[in-house]
Amino acid sequence: MRLASLGVGLALLLAPSVAQAQDAVPADAIGWMKTVQGSVTVRRGATALPASVGMALARGDIIATGHDGTAGVTLADNSLLSAGPGSELALDEFIYDSAQLQGSSLATLRKGTLSATSGDIARGTPGAMRVRTPTAVLAVRGTTFLVRVEE
Amino acid sequence: MSRSLLRVLALVGLALLGACDKYRQELFVLQPDSTGKVGSIVVQSASGELVLDETRMAAHRNPRGATEAVTVEPSDVEKIFGAALAARPRPPRQFRLYFVFDSELLTAASRAEFEAVFADIRERGHYDVEVVGHTDRQGADDYNARLSLQRAWAMRQTLIDRGLDGDRIIATGRGEVDPLMPTADNIDEPRNRRVEITVR
């Protein structure tokens, strides 16, 4: 077991650093659901999955909270996103090379409330973390901020 | 349907729309980080760019109007964003532990620091741990690639032996290619013999 894992690890080591960064998290996970209260759904393609703490998130996932729901996410660059009740948050883009601390991310708050804290992507390249609303794009230079979108 | 029921429904409708404060539909508010520092964001929209920083902490914008600066009372921040703020995950923490030359044994100082790592993981309701091993530049590249991985795996195994879930601990190695202190080849710099641990 140990030897087999060692073999896999050595193979990763020889791959380019971007591949290492992707393999540093399971499969194609870009982050993890860390807090879930009330009703929270993750829409992935045509399916709607009930959210649970520890759930791995993929690019394109849409997190939807019910009127009693809240959800908190930690992304692979150590940025934090959390949504209040009645929110829809789409994880549109996430590219991150953990060896170089470089990448870009884009999340869209379609409605509701969002608390966001930037991570290594914004630290590596100010402005490379972006949050979109129906009428604006926020380019983040490293900070914690709040966004509301009313319908 | 009774009149009082209609009134309740109307009130609920208003509450759901949230249209009961002085801010417009889209509202952006900067917050100080855990050290009190305020960063900045650039709000880009059809009406141009507006920079928010410590001198101008918030802006709002309606679907047709320009983005404009606004002052948001702390009590309104709590009212509008309290639930989202309460849902924030615990911030990730990063640790660096050092090793004895050419071994997967921690230095004495890092054995003590390991307890802080373990305590931080245990305090989280749910954890994801990433361990990345590194070596100094003494010795061949291939040898160091293997050694860095052995260090990461030894750390992972120690955490598993202490009762943590191995499925949530990822260990990888980067050999000597990513030194903390850049050196010439074949230099045994102690600060490069390390694992970097991210706890989320």
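Student: On which residue is the kink in α2(B) centred?
Tutor: This is a predicted model, in which local features need pLDDT of at least 70, side-chain atom pairs count only at pLDDT 80 or more, and totals for chains, interfaces and linings use all residues. Residues are numbered from 1 along each chain as its sequence is written, while chains are lettered from A and ligands numbered from 1 in the order written. The bend (angle between axes fitted to the seven residues ending at a residue and the seven starting there) is about 60° in α2(B). The centre of this kink is I80(B).

Student: How far apart are the end C-alpha atoms of helix α2 of chain B?
Tutor: Helix α2 (a DSSP run of H or I, at least four residues; strands are E, at least two; both numbered from the N terminus) covers residues 74–86 of chain B, 13 residues. A straight helix would reach 18 Å (1.5 Å times one less than its number of residues), but the ends of α2(B) are separated by only 15 Å.

Student: Which strands stand at the edges of the open sheet in chain B?
Tutor: Four strands, in the order β6-β9-β7-β8, form this sheet with mixed pairing (at least two DSSP bridges between strands). Two of them have a single partner strand each, so one side of each lacks a neighbour in the sheet. These edge strands are β6 (93–98) and β8 (169–173).

Student: Which residue of β9(B) is the bridge partner of Q94(B)?
Tutor: β6(B) pairs with β9 (residues 194–199) of chain B in the antiparallel sense, over six bridges. Within β9(B), the partner of Q94(B) is T198(B).
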